[in-house]
Every structure is written in structure tokens, then in C-alpha cells.
Amino acid sequence: MGRRTRIAMGIVFSLAVVILYGASLKASFAYVSFMKVERSSYLHIRLDWLYSIYVIFLVAVIVRYLWLLSQLLRGKDPEAPDLSKVSSGL
């Protein structure tokens, strides 16, 4: 695909991720907060502590895609991954 098409598709996808994950953030936080009344069967750990990683994940993804969106709106072309290099992907 051309450069402009990649940027346009990146903007649409980034907006979709931010909007959808942002919309689910409030309900996810409410559910995790509600789970403080439950404990796990064997470890006796409160379930809000166990499920809180999902809320952290949601916030991290939203921040990441907001950063990517800002880069795309400035016209920075997303680079295609170089499959000839071995890396951890970070």
C-alpha cells in the first residue's frame, strides 16, 4: 500500500481502538471494583487484585494508541516490520 493509505488506515484503526477501549474502561473498572467482595478459592486473594491487571492493560493500550495516533496525524509513516531481523518486538 502507499504511504497515504497506510497513514489513513492507521488513523482509523487507532481511533477505533481508543474509542472502543475508552468506552469499556468505566464498566471494566466498575466490575473490578465490585469484585472486592469475592476471594479466590485456594489462594484467598481478593479478586479485584487479580482482575486489576486488565484495567492496567486497558489504560496502557489507550495510551499507546493515542501516542501512535499523534504520530500518524503528524504524517509520520508507520514502518513495516523487518522480518530479517530477530528481536523481541519491543
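Is Val 37 buried or exposed? At 59% relative accessibility, Val 37 counts as exposed, because the cut-off for that class is over 50%. Val 37 sits in the loop between α1 and α2. The model is a predicted one. This briefing covers the two helices, the loop, the aromatic pairs, the nonpolar patch and the salt bridge.

**Helix α2**

- Helix α2 comprises residues 47-73.
- The 27 residues of α2 should span 39 Å at 1.5 Å a residue, and the C-alpha atoms at its ends lie 40 Å apart, which agrees with that expectation.
- Buried positions in α2 are Leu 47, Asp 48, Val 55, Leu 58, Val 61, Ile 62, Leu 69, Gln 71 and Leu 72.
- The cover over these buried residues of α2 includes α1.
- An α-helix has 3.6 residues a turn, so residues three or four places apart point the same way.
- Gly 75, just after α2, adopts a positive phi of about 95°.

**Contacts of Ser 28 in α1**

- Ser 28 belongs to helix α1 and is buried, its relative accessible area being 13%.
- That value places Ser 28 in the buried class because the cut-off is under 20%.
- With neighbours within four places in sequence left aside, Ser 28 is in contact with Tyr 54, Val 55 and Leu 58.
- Two of these partners, Val 55 and Leu 58, also appear among the buried residues of α2.

**Aromatic pairs**

- The model contains 4 aromatic pairs.
- In one of them, the ring centres of Tyr 21 and Phe 57 are 6.4 Å apart with the planes at 55°, so this pair is classed as tilted.
- This pair links distant parts of the chain, since Tyr 21 lies in helix α1 (residues 3-34) and Phe 57 in helix α2 (residues 47-73), 36 residues apart.
- Tyr 21 is partly exposed at 29% relative accessible area, and Phe 57 is likewise partly exposed at 40%.
- Tyr 21, Phe 57 and Tyr 54 together form one aromatic cluster.
- Tyr 54 of this cluster is also a contact of Ser 28.

**Loop between α1 and α2**

- Ser 40 is located in the loop between α1 and α2.
- In contrast to the exposed Val 37, Ser 40 is buried, with a relative accessible area of 16%.
- Outside the residues up to four places away in sequence, Ser 40 touches Ile 45, Leu 47 and Leu 50.
- The C-alpha atoms of Ser 40 and Leu 50 are 9.0 Å apart in space, while the two residues are 10 apart in sequence.

**Nonpolar surface patch**

- A nonpolar patch of about 1100 Å² on the surface is made by Tyr 31, Phe 34, Val 37, Tyr 42, Leu 43, Ile 45, Trp 49, Leu 50 and Tyr 51.
- At least two residues of the patch come from each of α1 and α2.
- The greatest contribution is that of α2, which gives 3 residues.
- Ile 45 and Leu 50 are members of the patch and are also touched by the buried Ser 40.

**Salt bridge**

- The structure has 1 salt bridge, in which the side chains of Asp 48 and Arg 46 meet at 2.7 Å, N to O.
- Asp 48 is buried, with 12% relative accessible area, whereas Arg 46 is partly exposed at 31%.
- Asp 48 is listed among the buried residues of α2.

Conventions: Residues numbered from 1 in each chain as written. Predicted model: local features only at pLDDT ≥ 70, side-chain atom pairs only at ≥ 80, totals over all residues. Heavy atoms only, no water. Phe/Tyr/Trp six-rings, centres within 6.5 Å; stacked < 30°, edge-to-face > 60°. Helix = DSSP H or I, 4+ residues; strand = E, 2+ residues; numbered from the N terminus. Buried < 20%, exposed > 50% of the residue type's maximum accessible area, 1.4 Å probe, protein only. Expected span 1.5 Å × (residues − 1). Contact = heavy atoms within 4.5 Å. Patch = residues over 30% accessible without salt bridge, like charges linked within 9 Å, V, L, I, M, F, W, Y side chains within 5 Å. Areas by Shrake-Rupley, 256 points an atom, 1.4 Å probe, with all protein chains shown as cover. Salt bridge = Lys/Arg side-chain N within 4 Å of Asp/Glu carboxyl O.
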